[in-house]
Amino acid sequence: MVSSIHLVDPSIEVIKNLKDSYITEQDFKITIEHKSGQDLVLRPQKKLILIAGMGGKEIGSILTHLLPQLTVDDDVIISPHRDILPLRESLALSTFYLKDESVVLDEGRFYQVICLSLSGNVKVHSYGTKIWGGETGRGYREHQLLHFNAHKDTRSLAYVSFLKALT
Ligand SMILES: C[S@@+](CC[C@H](N)C(=O)[O-])C[C@H]1O[C@@H](n2cnc3c(N)ncnc32)[C@H](O)[C@@H]1O
């Protein structure tokens, strides 16, 4: 059971919209704070942290800040919208484990959703392992191939080889 939700955003406009639109009479407490993820001080209780809608560099920087404050009971869900490869590469070398991952298709756009934890035994794969199955996974592969085929840097070429080898 969720006892409280804490929302943060560095945009004053977003914070105003959140405060205007959120109903406060809920079963749980919602707090809304004008701040960046990099300034968060975490509470000791078990947490689910959701970081979505940003680039991989921003998410990586928030994770670097939060890492020393996390415990093995916490889960972190991230959904980077760009610069996913470098973020995944750094996660593959980090102390995070993969709990689950998937790709969702929303209004014609694909989004990777990756659940991380400090406990586990599956490392994060630089390209993703569980995201390529099913109709959405196949559609995402086609989308990624189209996009990265146009890039000629070493990272993109290696990624395209991986995508082509997927069956
Ligand atoms: C594209 S919106 C996505 C909103 C929602 N998370 C979603 O996925 O639908 C990205 C939001 O992240 C916020 N943001 C950008 N950098 C941030 C940071 N360092 N810490 C916290 N929020 C940040 C932006 O102000 C913006 O409101």
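**Exercise 1. How far apart do the C-alpha centres of domain 1 and domain 2 lie?**

Start with the division: the protein splits into domain 1 (1-35) and domain 2 (36-165), with bounds that come from an automatic or database domain assignment. The C-alpha centres of these two domains are 25 Å apart.

Two notes before you go on. Residues are numbered from 1 along each chain as its sequence is written. The model is predicted, and local features need pLDDT of at least 70, side-chain atom pairs count only at pLDDT 80 or more, and totals for chains, interfaces and linings use all residues.

**Exercise 2. Which element gives the most residues to the shell around the ligand?**

First, find the shell: 13 residues surround the ligand, each with its C-beta atom, placed from the backbone, within 6 Å of it. Ser11, Ser36, Gly37, Ala52 and Gly53 are the closest. Next, look at the elements giving two or more residues: β1 (4-9), β3 (48-55) and α2 (56-66). Helices (H or I, at least four residues) and strands (E, at least two) are DSSP runs, numbered from the N terminus. The winner is β3, with three residues. Finally, domain 1 and domain 2 each supply at least three residues to the shell.

**Exercise 3. Why is one side of β3 and of β5 (97-106) left without a neighbour in the sheet?**

Write down the strand order of this open, mixed sheet: β3-β4-β6-β5. Strands pair if DSSP finds at least two bridges between them. Both β3 and β5 stand at the edges with a single partner strand each, so one side of each has no neighbour in the sheet. Now check β3: β4 (residues 75-82) pairs with β3 in the parallel sense over seven bridges, and Leu50 stands opposite Ile77 in β4.

Key
Near = placed C-beta within 6 Å.
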